[in-house]
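Here are my notes on this model, set out as numbered points. Please read them with the coordinates open.

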Amino acid sequence: MIANDIVIILVMTFPMYLFSIFPGIKASEYLGVKYGLSERRRRTILVGATFLFALSLSSLLYYV
């Protein structure tokens, strides 16, 4: 069932935060320096990039 797959991937996302915080920090620093973003925007990018990277790691781990 596709709903079970989505739930499993989302549950596996939380442990993947350990591996995806560093790339999120680097992405927010790079974009902050390049575009001169405010601290609030950099934190938003940090959270978004971390979640997307963790989601991609967990989906790769589940399907591969």
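1. P23 is partly exposed: its relative accessible area is 30%, which lies between the 20% and 50% limits for buried and exposed residues. The model is a predicted one, and this value is computed from it like the others below. P23 belongs to helix α1. Its C-alpha atom is separated by 7.8 Å from that of A49, a residue 26 positions away along the chain.

2. How do the axes of α1 and α2 cross? Helix α1 covers residues 2-35 and helix α2 covers residues 39-63. Their axes come within 4 Å and cross at roughly 135°. The pair is therefore oblique, because an angle has to be over 145 degrees to count as roughly antiparallel. In handedness, the crossing of α1 and α2 is right-handed. Sorted by class, the residues in the contact of α1 with α2 are 23 nonpolar, eight polar and three charged. Two packed helices are described by the axis angle together with the distance between the axes.

3. S20 sits in helix α1. Is S20 buried or exposed? With a relative accessible area of 0%, S20 is buried, since the limit for that class is under 20%. Setting aside residues up to four places away in sequence, S20 touches T50, F53 and A54.

4. The side chain of S20 deserves a separate look. Which backbone oxygens lie 3.1 Å and 3.4 Å from a polar atom of the S20 side chain? The oxygen at 3.1 Å belongs to the backbone of M16. The one at 3.4 Å is the backbone oxygen of T50, and T50 is also among the residues that S20 touches.

5. T13 is another residue of helix α1. Its relative accessibility is 2%, so T13 counts as buried. What does T13 contact, leaving aside neighbours within four places in sequence? The contacts are F51, A54, L55 and S58. A54 appears in the contacts of T13 and also in those of S20.

6. Y62 is placed in helix α2. Its relative accessible area is 29%, so Y62 is classed as partly exposed. With residues up to four places away in sequence not counted, Y62 touches D5, I8, I9 and M12. In the case of D5, there is a polar contact between its side chain and the side chain of Y62, at 2.7 Å. For I8, the C-alpha distance to Y62 is 8.3 Å, with the two positions 54 residues apart in sequence terms.

7. L52 also lies in helix α2. Is L52 buried or exposed? L52 is exposed, because its relative accessible area is 57% and the class begins over 50%. From C-alpha to C-alpha, L52 and S20 are 8.8 Å apart in space, and they are 32 residues apart in sequence. The two residues fall in opposite classes, L52 being exposed and S20 buried.

8. V47 is a further position in helix α2. V47 counts as exposed, at 56% relative accessibility. How far apart in space are V47 and E29, C-alpha to C-alpha? The separation is 12 Å, for two residues 18 apart in sequence.

How values were computed: Residues numbered from 1 in each chain as written. Predicted model: local features only at pLDDT ≥ 70, side-chain atom pairs only at ≥ 80, totals over all residues. Heavy atoms only, no water. Helix = DSSP H or I, 4+ residues; strand = E, 2+ residues; numbered from the N terminus. Buried < 20%, exposed > 50% of the residue type's maximum accessible area, 1.4 Å probe, protein only. Polar contact = N/O pair within 3.5 Å; in protein donor to acceptor, adjacent residues only side chain to side chain. Contact = heavy atoms within 4.5 Å. Axes fitted to C-alpha atoms, helices over the stretch in contact; angles between N-to-C directions. Parallel < 35°, antiparallel > 145°, perpendicular 65-115°, else oblique. Left-handed = near helix turned anticlockwise from the far one by under 90°. Nonpolar A, V, L, I, M, F, W, Y, C, P; charged D, E, K, R; others polar.
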